[in-house]
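Colleague: I should like to learn how to read strands and ring contacts in a model of this kind. May we go through them in turn?

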Amino acid sequence: SGNLAAYDAAGVTGCSDGGGVLSCTPLWSAGVGGVARTPAVDGATVFAVSGAGALSAVPVAGAPGPGRPVAWTGQGVTTEVAAERPWVIGGSAEGPAGLGPAAATSAPGIANGVVYVGTADGRIQDFAPDGCGTLPGLTCPPLWSAPVAGAPSSVIVANGRVVVGNDTGSLVSFGLPA
């Protein structure tokens, strides 16, 4: 229907048990033009990517209505986004949010002010989320880079580790620098 919908994760509000099958109605929904990627939540805002690559911000409080478009640098978001205030980072055809020269093949991960992304050339790289300047077409070299067998998929950053899957079905884990 082109909507982003929120449900009670506890399965209580707006939910009923119909013979052992829990059925829930949305707590709220907002029009975002069709959700094409897994949304990201940061604080009181949900960030959703449409099929056309547009990024929208929707308050978690769920005021009905359309999502608020977010200005995006690049040709359009082609991966899921990661959010850590004040940044919302996603991959695009020209690289991870304009940070680096290689096309992003993975959803990015962001933690402690560092963005981690898998690239088309089979690497995991990290970047400062502020980039390295404001000139059009300027790309930043990665702060760190390591090879990953196969094409990298989504990047997860948790508990001092960067974990990335690949198209061979393996998980690769790297420790964060101290």
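**Strands, hairpins and a ring pair**

Modeller: Certainly. Please keep in mind that this is a predicted model. Let us begin with strand pairing: strands of a sheet pair through backbone hydrogen bonds, either parallel or antiparallel. Here, β6 and strand β7 (residues 55-59) are paired in the antiparallel sense, over five bridges.

Colleague: Which residue of β7 is the bridge partner of T45?

Modeller: The partner of T45 is P59. The connection is a hairpin, with five residues between β6 and β7. In that turn, G53 has a positive phi of about 90°.

Colleague: How many bridges join strand β5 (residues 40-42) to β6?

Modeller: There are three, and the sense is antiparallel. A40 stands opposite F47 of β6. These strands, β5 and β6, also form a hairpin, with two residues between them, and G43 in the turn has a positive phi of about 60°.

Colleague: Is strand β6 largely enclosed or open?

Modeller: The general idea is that in a regular strand the side chains alternate between the two faces of the sheet. One therefore examines each face of β6, and both are covered, because a residue counts as buried under 20% relative accessible area and T45, F47 and V49 on one side are buried, as are V46 and A48 on the other. Five of the five residues of β6 (residues 45-49) are buried, so the strand is largely enclosed by the rest of the structure.

Colleague: How should I read the sheet that contains β17, β18 and β19?

Modeller: One reads the strand order and then looks for the edges. This is an open sheet of three strands in the order β17-β18-β19, with antiparallel pairing. β17 (152-158) and β19 stand at the edges with a single partner strand each, so one side of each has no neighbour in the sheet. On average, neighbouring strands here are turned by 20° against each other, direction ignored. Strand β18 (residues 161-166) is joined to β19 by five bridges, and G165 has L171 in β19 as its bridge partner.

Colleague: How many aromatic pairs are there?

Modeller: The count comes to one aromatic pair. W144 and F174 form that pair, which is edge-to-face, with 5.1 Å centre to centre and 75° between the planes. It links distant parts of the chain, 30 residues apart: W144 lies in strand β16 (residues 144-147) and F174 in strand β19 (residues 171-175).

Colleague: What is the relative accessible area of W144, and what is that of F174?

Modeller: W144 has 31% and is partly exposed, whereas F174 has 17% and is buried.

Technical notes:
Residues numbered from 1 in each chain as written. Predicted model: local features only at pLDDT ≥ 70, side-chain atom pairs only at ≥ 80, totals over all residues. Heavy atoms only, no water. Buried < 20%, exposed > 50% of the residue type's maximum accessible area, 1.4 Å probe, protein only. Helix = DSSP H or I, 4+ residues; strand = E, 2+ residues; numbered from the N terminus. Pairing = 2+ DSSP bridges. Phe/Tyr/Trp six-rings, centres within 6.5 Å; stacked < 30°, edge-to-face > 60°. Axes fitted to C-alpha atoms, helices over the stretch in contact; angles between N-to-C directions.
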